[in-house]
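This report follows a stretch of paired strands and then turns to the bound ligand. Please keep the sequence and the structure in view while reading.

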Amino acid sequence: MKNQKLKIALQKSGRLSEDSMNLLKKCGIRFSSGLGKLRTETENFPLEIYFLRDDDIPEYVADGVADIGIVGENVLEENQKAVERVEKLNFGKCRLSLAVPKDFAYRSLKDLEGKRIATSYPNILREFFVRNAVNAEIHTISGSVEIAPSIGLADAVCDLVSSGSTLFSNGLREVETVMNSEAVLVSRPNLETGLQTILNKLLFRLKAVKAARQNKYILLNAPNEKLEKIIELLPGIKSPTVLPLAASGWSSVHSVINENDFWESVEILKNAGAEGILVLSIDQMIS
Ligand code: ATP
Ligand code: MG
């Protein structure tokens, strides 16, 4: 069908909103995202964006209101809707953790036996307790979980954590990880051919952006007599590009290195005689 558009659901305003929109923009998709807008068309890609509460995204995708969506794995796991996980997106990283008040003498999960645990994730927590044979009372509350112990509503909490500063400022100590989570792209099952083709195009771009974010483009100058050693040390994807510099006896070396190896590599290269090292971010990387 001509003029067919893929409908994507993004979180309207919250921790995933900005990263989700930036990811689409990095994929070269242009759109306006005014405050309070619930729906927007994109200018140069067959996509229509819906802005929703994150908890509603799995259901809207399962029901076909949207075709695809970006949502945290924690929400997917809690809701168990009929959606397919298409691609992990490497942002929105957090963990669902159990935390206890500082003066709670916690040693193991057994210490939570018979205790009241406040959480917004009752299904995930119940399953975790069953798996670990702990009998605890789960109290479902929809927000501000971290204050529950201090107002006498619960003995412990199970909540999302990234840095841990919110727990700390509420006098809580993280004791167990229940699950790790990050943002994922989900799709309703069995998309029509036309929509699947659009999704494949989007995925191609998403993967290029993801790969680029995990890598750096590195340029350096090397004296020719150290060139062989430096090339050997470069943990590049393929052999690097080497170009002669105007100054005789020197060459310029270009390569792509993994972000995780980056600082260590730079140090080693410098010690091996590399100079004028430049490190550039990459926008897209197509393999
Ligand atoms: P909404 O109004 O859309 O329902 P919300 O308040 O439920 O928003 P946010 O706090 O914006 O949700 O979090 C959205 C998602 O961001 C979480 O479901 C989780 O996947 C992810 N996330 C990453 N880090 C954290 C964190 N430290 N605390 C909470 N969520 C986090
Ligand atoms: Mg929510």
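## Strand pairing and the ligand site

Arg116 stands opposite Glu137 in strand S8. The model is predicted, and in it strand S7, residues 116–119, runs parallel to strand S8, residues 137–140, with four bridges joining the two. Between S7 and S8 the chain passes through helix H4, residues 122–131, and this β-α-β crossover is right-handed.

Strand S7 also pairs with strand S9, residues 156–161, to which it runs parallel and is joined by three bridges. Within this pairing, Thr119 has Cys158 of S9 as its bridge partner.

Strand S9 also bears on the ligand, since S9 and helix H3, residues 73–79, each supply at least two residues of the shell around ligand 1. That shell holds 16 residues, of which Arg15, Asp54, Asp55, Asn74 and Ser162 are the closest. Three side chains place a polar atom at the following distances from an atom of the ligand.

| Residue | Ligand 1 atom | Distance |
|---|---|---|
| Gln11 | oxygen | 2.8 Å |
| Asn74 | oxygen | 2.6 Å |
| Ser162 | nitrogen | 2.7 Å |

Taken alone, ligand 1 exposes 620 Å², and the protein buries 78% of that area. Where, then, does ligand 1 stand among the pockets? The space that ligand 1 takes up is the largest pocket.

How values were computed:
Residues numbered from 1 in each chain as written. Chains lettered and ligands numbered in written order. Predicted model: local features only at pLDDT ≥ 70, side-chain atom pairs only at ≥ 80, totals over all residues. Heavy atoms only, no water. Pairing = 2+ DSSP bridges. Right-handed = clockwise from strand over helix to strand, strands pointing away. Near = heavy atom within 4 Å. Polar contact = N/O pair within 3.5 Å; in protein donor to acceptor, adjacent residues only side chain to side chain. Areas by Shrake-Rupley, 256 points an atom, 1.4 Å probe, with all protein chains shown as cover. 1 Å grid on protein atoms, 1.4 Å probe; cavity = no way out; pocket = protein on both sides within 12 Å on 5 of 7 lines; lining within 4 Å. Sits in = over half its atoms within 2 Å of the grid points.
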